[in-house]
Each structure stands twice: as structure tokens, then as C-alpha cells.
Amino acid sequence: MRHFDQLADGVRQELFHHAPAAFERDSERSVLAHALGATLYVPATRDDLASTVRRRAAHGARSMVIDLEDAIADPAVEAAVSSTGAVLSELGQDPPDSLVFVRVRTAAQIRELMLALGPGQRIVSGFVLPKFSTKTGEEYLQAVTEIDARSAHPVYAMPVLETREVLYRETREAELVGIRELLDRYRSHVLTVRIGATDLCGLFGIRRDRDLSIYDVGVAADLITQVVNQLGRTDGTGFAITGPVWEYFANHERILRPQLRQTPFVERHADELRQALMSRDLDGLMREIILDRANGLTGKSVIHPSHIAPVHALAVVPHEEYLDALDIVEPDSAHGGVRASGYRNKMNEMRPHRNWAERTLLRARVFGAAAAGISHIDILTAVQQSELRAAG
């Protein structure tokens, strides 16, 4: 599977200086963690679940979660587990070009589901572990490890941090240290750490508005900072951390100014694209994606197909950043020093910027690096046109 495969070959050649590389379920863990991109959550109770997964994969979703937790009412869980087993078995006959995960409710449900799946096991890349804590985490990770030992392909855990112990200040530090030590023992089985912003904000009766990002909500932003500090280190002890979900996908009356500048869209004759993005509140999503990356997060949880293209377009490494990253990791830069960037507009410091450069090149490996003069607006336009052709 590969990002932007829904685009025609000629279009990809025009857009990319370095094209996205293919990856598969057996790719190395660090590659898969960055390749997830926009992880689309789909309720397990959908009648057309199998066709939905195939359709979304055909339109660019490279990671999806079949949700058996918050998206399912309690009385419907048993039926949802049964239908999920049938759907995964069906998908296993002809796997879609997407990594498929299941969000469970308990560790016991992991074992029950895998026993019920039969041949459908071959398509499951892992499990999303909600309400992950020092109390529940060991049992969750043990269950994933057992399943992985019996699988022909790697099976990963994606723990979600969303409990009061990790949010409340008086328990946070001890809880995060305990989670870090626990995850370290199961490092090879942990793909990413996810942040359950909706549940966390709910503990304070908060729901962020469309005009605001999660970084405008103080208690949530404070936690994200601490999670990155404890779990996102680049010294070999950290993990990839995923950006929290964006909840909105339809227009509303605006109080604050739209968050997409008009000029770049006008220059590319893409004002209609700008209007379309704002009409679905995607300008707020795009701002939050940029803030996610600035704060050390990778990819994003999404609940609507319209969110996938902005997440992926903004994951493409700009041409300027790609050249800077290549310059910084050159063998002769290992001794340190500083020199002007290829664009002659900044200084690249070889030691301080090296971790950034390595992460940037890993992102470029799976999402590509844009050609000179190509922006995320051009990539979004190409994806939109591809979707219109497919629909028409």
C-alpha cells in the first residue's frame, strides 16, 4: 500500500520531488507508526462495514479502526462483535490497501474476538486500547502479545491515554512514569500512543468549539505537553504519539475569522477549494494539524472521510524542508557546525536539528516530499479532483 495511490501516475510525478514509498503490514514499526496518517474510526455496527472499509481504502485511507467501544451502545456490543468477526473474515479474502485495527473495550474482548475471527485474524494489524492506565495496561498488552505470537503478521497495540489519573495534576506524573515503564517492557508491540481528547475534556465538562484547537483548551494542552515530555522523547526511549481527534465536519455560523489565508489559494486559482474547506470546518482541522506537528505529534485520529485528505496533504514534506533535512544528515555533518540552507533563508545547525531532520526524512519516506513550487494546496486540489472524477 502507498499514500496518494489514488492519484494518476502523471499527477504524482508533477507533485512530488520524492514520491511516497510503499509499505506493508510487515514494514518496520517506526515506518508503520508514521504511515498511519489519518486513522479513520468506523462504528462496528455499520450495515455496510466491509464495503465502507474497501471504499475508504480506495480513496486514500491507509489506516482504519473498527470501533467496538464509544461508538457502540452497550446493548449492541455482542451483536457488533459477531458482525465484526464476519466482516474481517470477508475482508481477509481480499485485503484492502489499508491497515485495519479494532478498538476493544477490555483485554478479555481481544482474546474473545480473535477466537471468533478464525481466518479473519490475518487482516488485523492491532488493537486500540481505550482507558489505558497502569492498572489496566498490563492485561491489555499481555493479550496483544499472545495474539501476536500466533499471528503470521505483526499485531500491535495502540494505547489511548484518556483517564482521570493521567489528566489530574496530583496523579499525572506518577501515572505517566508508570505508563512509560510499562510500555517500555512491551516496546516491540507498541505502534503509537494515542490521546483521547474527547474523554479528557469531558472530565471537566469541556467541548472545544470549531473555532478553537485542542491547544486552546488549557487542561488538554497541558496534558499533551506532559505526554510528549514523558513518552515522545527521541533518545530511543520514546514512542510515536498521535494527534487527537477533530470532531467537526459541517459548516456553522462563524464568530472568529476563518483560519486559511486567502492569498495562497488565489495565487493557485483554488479559491473554490478554500471555500469548500471552510464550509466543512476543515480550516480549523488544518490549523490543529500544524499545531500537532509543532508539538511533536504524528498523524491524527479522524471520524469523517473528509478529514483524510487535509491530514495527508499536510504530512507531505515541503521541498525546502526536505532539502534542509538531507543537508543536516549528510555524513560530514556529524561533527556539528552550521551552514546556510539551500534556500538561503535560514541557518541549519547540524547537531540541534538532527533529530528533526531524521523524523522529517521518515515522514518523507511514507508521504513523499513535494516538488519545488508545490504546496499543500496543490496536493489538496489534486486529491479533490481525483475524488470528483471517481464520484462522477
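This passage walks through the pockets, the cavity and a nonpolar surface patch of the structure shown above, which is a predicted model.

The open spaces are a good place to start. Rolling a probe the size of a water molecule over the atoms shows where empty space is left. The largest pocket holds about 990 Å³ of space. Its lining is made up of 42 residues, and those closest to the centre of this pocket are I289, I290, R293, L314 and R363. Several helices give two or more residues to that lining, namely helix 11 (262-267), helix 13 (282-294), helix 14 (308-315), helix 16 (354-367) and helix 17 (376-391). Helix 13 makes the largest contribution to the lining, with 7 residues. Sorted by class, the lining of the largest pocket comprises 21 nonpolar, 12 polar and 9 charged residues.

The second largest pocket has a volume of about 490 Å³. Here 21 residues form the lining, and H34, R233, G238, F239 and A240 are the ones nearest the centre. Two elements, helix 2 (29-35) and helix 16, give two or more residues to the lining of the second largest pocket. Helix 16 is thus a name to keep in mind, as it is also listed among the elements lining the largest pocket. The class make-up of the second lining is 7 nonpolar, 9 polar and 5 charged residues.

Attention now turns from pockets to enclosed space. The count comes to 1 cavity of 30 Å³ or more, and the volume of the largest cavity is about 70 Å³. The residues around the largest cavity are H3, F4, Q6, H59, G60, I308, A309, H312, V383 and E387. Helix 14 and helix 17 each provide at least two residues of this lining, with the largest share, 3 residues, coming from helix 14. Both helices appear in the lining of the largest pocket too. By class, the cavity lining contains 4 nonpolar, 5 polar and 1 charged residues.

The last feature lies on the surface. F204, I206 and V219 together form a nonpolar patch there, with a combined accessible area of about 220 Å². Of these residues, V219 can be placed in helix 10, which covers residues 218-231. V219 counts as partly exposed because its relative accessibility is 30%, and the partly exposed class lies between the buried limit of under 20% and the exposed limit of over 50%.

Note on methods:
Residues are numbered from 1 along each chain as its sequence is written. This is a predicted model: local features need pLDDT of at least 70, side-chain atom pairs count only at pLDDT 80 or more; totals for chains, interfaces and linings use all residues. Side-chain values use heavy atoms; hydrogens and water are left out. Patches are made of residues with over 30% relative accessible area and no salt bridge: like charges are joined within 9 Å, nonpolar side chains (Val, Leu, Ile, Met, Phe, Trp, Tyr) within 5 Å. Accessible areas come from the Shrake-Rupley method with a 1.4 Å probe; for residues, only the protein chains shown count as cover. A salt bridge is a side-chain nitrogen of Lys or Arg within 4 Å of a carboxyl oxygen of Asp or Glu. Helices (H or I, at least four residues) and strands (E, at least two) are DSSP runs, numbered from the N terminus. Buried means under 20% relative accessible area, exposed over 50%, partly exposed in between (1.4 Å probe, protein chains only). On a 1 Å grid over the protein atoms alone, a cavity is a set of points where a 1.4 Å probe fits but cannot get out, and a pocket is an open set with protein on both sides within 12 Å along at least five of seven lines; lining residues have an atom within 4 Å of a point. Grid points are joined across faces, edges and corners, and a volume is the space filled by probe spheres set on the points. Ala, Val, Leu, Ile, Met, Phe, Trp, Tyr, Cys and Pro count as nonpolar, Asp, Glu, Lys and Arg as charged, and the others, Gly among them, as polar.
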